[in-house]
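Student: I am new to this structure and would like a close look at the surroundings of the ligand. Please keep it brisk.

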Amino acid sequence: MTDVSFAFPEKNVLVIGSGIGGLSAGIILAELGFQVTIIEKNPQPGGMMRSYNRNGIACNVGVHYLGSLDKGQVLDRLFDFLGVARQIPIKRMGAGGVIDRYYMDSNLLPKGTFDMPEGLDAYEQNLHQTFPRDQKQISAIMENLRSAARKINSLEFLFSGQNDFEILDHSRPMGELLSHWNCSPGLRAVLGVPAAWIGVPLSVCPSFYHNMVLSSYLLSSWRLECSGTQMVEVLAVRFVSLGGRIITGDAVAAVLVNDRVATGVRLDSGRELKAPIIIGAVHPKIILGMLPEKAVKPSYRKRISRLEDTHGISAVHVSVDAAEHPELDHNLFKIHTRPDGNIDDMIFYQMRKSEQTGKNLLTILLGGQDELWEKWTGTRTGCRGLDYKAAKTREAEKRVQEAQSLFGALGDYQILDVYTPLSIRDWVGSPQGSAYGVQRSSKQILSAALLNRTAVKGLFLAGQSVLAPGILGTIIGSLVTIKFIIGPQWFKQAFS
Ligand SMILES: Cc1cc2nc3c(=O)[nH]c(=O)nc-3n(C[C@H](O)[C@H](O)[C@H](O)COP(=O)(O)OP(=O)(O)OC[C@H]3O[C@@H](n4cnc5c(N)ncnc54)[C@H](O)[C@@H]3O)c2cc1C
């Protein structure tokens, strides 16, 4: 990457938050010659990318699998931009021909299951075999999917000078397209999974967005061969090696604004840091709460505060006997659908090796159960009381029993940990524990568009809410933010 900072009189940048959004934005700006300080409220950096240990086993929070990491594919190229390509140990999934196996409780699938393999051609073939009456529909779906895969993989939209990802928000909802093509409910159910995985119902999920998620995993899928915390360390070490500074354990309390121009931040400790460029790599509503009342117009405040967020996710981590339950190199999804093929709820399962000899780790993720934990909304982590603990145990036991219908008897299992949307809310500050931040649904196309810029000069946003969630979507979002900061010409030059 070329140093372009000579073109900018002021080189100091402050980044609020050290998740993948803050770290990726910080690394790229440091590579471009800026002096970057990342401020993190927690004692350690990484946000949802981090893992935590239970009984010597690393439990991941927000990285269960990654798409498009084969050499030259889009996430590999982005890791290359960040200077961390091939430094994060990863393992390819799907050697047995399956990346994701969907189990549906309805009779919408002839065999009750659908396998998502690696590769767009193999996926098309599986769709044709499973839904022989939807031949024309599948061809139309695949044409769109291939076109989206090409666009994402080339990253051309970033460098072409057009309005980034305009296509994403302007495309029709996937559910509407499937109705237009008269797809069978079974086909709709299968195609609903990637949208449901990122918290957007198919009926309101822009098709380009759906295709971006699906194609990124179809191109190739990978698991970390290290813990989430080790992935954070690779990124943090890279950032510091470029001269970046990370302040941990001190939250940003306020963004300092003078005459609608950002001038710095004030931390919880009272310390003030000054810089002409500030990036809020946290949820946009958190940044809004940091701004003085008159810093933005009421219309901007209303727009951001009314954004609808994705639901929360709860997780259960269970250690099981490795001999009885060997590692699976694909994920399982148990899906509950309506007769029309729309997905009501979905559970994600992953069985993988752990750091403890003889033990494997079963991870169970459930979305959209936020109401279960509502009673404790007013409490903070560590102070929720025994009834919360009991509710978590009950929920975990229920989910373990359910899992046995897929894995067989789990025998001498041990529940290692349960986290709820409230845990996520308190750990990273995302509103109500929303897993993927702002919901990029067709219902809020205009209000959620171009969140990278704010109504305050010098204040920009990054993180999963600005463009798309996931490690891939969040890094692309950071690049778009940097393009706004340095301008399209310098951006093109920097990456040429
Ligand atoms: C359960 C779950 C499973 C997931 N699985 C996958 C997956 O398999 N693959 C995938 O690609 N993606 C997955 N994701 C999504 C992915 O983890 C996120 O999209 C991504 O980590 C978001 O990064 P971020 O930087 O936007 O936010 P965060 O990681 O939330 O980072 C924000 C940071 O800002 C800090 N912060 C907040 N407020 C302040 C403040 N006032 N001052 C200073 N710091 C502050 C927080 O502590 C945090 O460290 C998953 C998410 C969840 C919840």
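Student: Which helices each supply at least two residues of the shell around the ligand?

Tutor: They are α1 (20-31), α14 (421-428) and α15 (470-486). Here a helix is a DSSP run (H or I) of at least four residues, numbered from the N terminus. α15 gives the most, with three residues.

This is a predicted model: local features need pLDDT of at least 70, side-chain atom pairs count only at pLDDT 80 or more, and totals for chains, interfaces and linings use all residues. Residues are numbered from 1 along each chain as its sequence is written, and side-chain values use heavy atoms, with hydrogens and water left out.

Now the whole shell. It holds 37 residues, each with a heavy atom within 4 Å of the ligand. E40, G62, H64, Q464 and G470 are the closest. By class, 23 are nonpolar, twelve polar and two charged; Gly counts as polar. Domain 1 (5-89 + 226-308 + 438-495) and domain 3 (311-431) each give at least three residues to the shell. Those bounds come from an automatic or database domain assignment.

Next, some polar contacts (pairs of N or O atoms within 3.5 Å). I20 places a polar backbone atom 3.2 Å from an oxygen atom of the ligand. N42 uses its side chain: an N or O atom there is 3.2 Å from a ligand oxygen. V252 has a backbone N or O atom 2.9 Å from a ligand nitrogen. Alone, the ligand has 1000 Å² of accessible area (Shrake-Rupley, 1.4 Å probe). The protein covers 96% of that area.

Key:
A polar contact is a pair of N or O atoms within 3.5 Å; within protein, one must be able to donate a hydrogen and the other to accept it, and residues adjacent in sequence count only if both atoms are side-chain atoms.
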